[in-house]
Amino acid sequence: MDPQIERKLIEIMRVIHESDKPIGARAIADELNNRGYDIGERAVRYHLRILDERGFTSKHGYAGRTLTELGEREMSDALIADRFGFVISRIEEMAFRTTYNPETNDGVVPVNISYFDKDDLETVIEVVSYTAHEGYMISPRVKIIEEDEELISLPPGKIGIATVCSVAFDGLLLKAGIPVEPAYGGILQIENQKPARFSDLISYSGTSIDPIQIFMSRKTTSVLDVLEKGEGKILANMRQINCSAYDRAREVLKTVEKVGLAGYFPPGEIDETLFGAPVETGKYGIAIVGGINGICALEETGIKMKTNPVSTVMEYKTMTEI
């Protein structure tokens, strides 16, 4: 069937799923129009007949339709498939929105937003500062978000902290005319204060969830051990860059390092694996530390945090070094 029809069927199923009672064709059409779909009631009825024939919807007289158990499963599977590629699209979007210019110190960078209890503020600043200045975050600049912040809504009784996201490098390289490909997110083993190997990897092209978020939720890091002993595991990303941009990319990275954006390890060699991670022919890899390693260190101390990776963009010069 036409992919456009399938897309509309999924959206109709989503509208029915979100309704707390049977819903009719007219109400479905109105909701779809609110979501940007130019579709009328008559067309909705046509799509509903298809869903009825597939056994995905059940008609309740004039009251409208609900999803069957089969329909609920089908919608869930379809939405998962539909999300593949979303993570990379989000990275590309935030990279494109990056406007920071290291020469003028103007422009925005992508940030992660983490929330915590007010009583933990002193510890949060101390641990994040320690992690950043040891080189295991993108930048030592952060922004503490109070309750009166207009642009970011905070849960009651919470304070937020914005940390620079690794996607900042994607944006800065893109701004210099260098396309960057998100390859993997993973756990990077540190030995003698140096990167040794990736102990676990998830490809960005094969997941509907940010790999860094997956590893963070699994609590697989030992950032505090890295800070205190020089041995342990941190979050890291691997990007791939075309070999023709090798020298130019190194120049850009050295330039931004001067303004505090230094959370990366030396690039690998062309056509060679990087810390055990595969690299495509004609490209080379670069490992970038996870922007939320400081948050992982805090969770290792027992402090409860909630984090939204790649959350929004923020003026870099409004962020303060801690």
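Helix axes that cross at under 35 degrees count as roughly parallel, over 145 as roughly antiparallel, 65 to 115 as roughly perpendicular, and the rest as oblique. At roughly 130 degrees, H6 and H11 are therefore oblique to each other. This is a predicted model. The domain assignment gives domain 1 (1–81) and domain 2 (88–319). Three helix pairs and one salt bridge are covered below.

**Domains**

- Domain 1 spans residues 1–81, and domain 2 spans residues 88–319, according to the domain assignment.
- The centres of domain 1 and domain 2, taken over C-alpha atoms, are 40 Å apart.

**H6 and H11**

- Helix H6 covers residues 121–133, and helix H11 covers residues 293–300.
- Their axes come within 8 Å and cross at roughly 130 degrees.
- That angle falls outside the parallel, antiparallel and perpendicular ranges, so H6 and H11 are oblique.
- The crossing of H6 past H11 is right-handed.
- H6 brings Thr123, Val124, Val127, Val128 and Thr131 to the contact. H11 brings Asn293, Gly294, Ile295, Ala297 and Leu298.
- By class, the H6–H11 contact has six nonpolar residues, four polar and no charged.

**H2 and H3**

- Helix H2 runs over residues 25–34, and helix H3 over residues 41–54.
- The two axes come within 8 Å, crossing at roughly 110 degrees.
- Angles of 65 to 115 degrees count as roughly perpendicular, so H2 and H3 are roughly perpendicular to each other.
- H2 and H3 cross in a right-handed sense.
- On the H2 side, the contact residues are Ala25, Arg26, Ile28, Ala29 and Leu32. On the H3 side, they are Glu41, Val44, Arg45 and Leu48.
- The H2–H3 contact divides into six nonpolar residues, no polar and three charged.

**Salt bridges**

- Side chains of opposite charge can pair when their charged atoms come close.
- The model has 16 salt bridges.
- One salt bridge joins Arg45 and Glu41, with their closest N and O atoms 2.5 Å apart.
- Both Arg45 and Glu41 lie in helix H3. They sit four residues apart, about one turn of the helix.
- Arg45 and Glu41 are also among the H3 residues that meet H2.

**H7 and H10**

- Helix H7 covers residues 167–175, and helix H10 covers residues 246–257.
- Their axes come within 10 Å and cross at roughly 120 degrees.
- H7 and H10 are therefore oblique to each other.
- H7 passes H10 in a right-handed crossing.
- Phe169, Leu172 and Leu173 of H7 make the contact with Ala249, Val252, Leu253 and Val256 of H10.
- This contact has seven nonpolar residues, no polar and no charged.

Note on methods
Residues numbered from 1 in each chain as written. Predicted model: local features only at pLDDT ≥ 70, side-chain atom pairs only at ≥ 80, totals over all residues. Heavy atoms only, no water. Axes fitted to C-alpha atoms, helices over the stretch in contact; angles between N-to-C directions. Helix = DSSP H or I, 4+ residues; strand = E, 2+ residues; numbered from the N terminus. Left-handed = near helix turned anticlockwise from the far one by under 90°. Contact = heavy atoms within 4.5 Å. Nonpolar A, V, L, I, M, F, W, Y, C, P; charged D, E, K, R; others polar. Domains from an automatic or database assignment. Salt bridge = Lys/Arg side-chain N within 4 Å of Asp/Glu carboxyl O.
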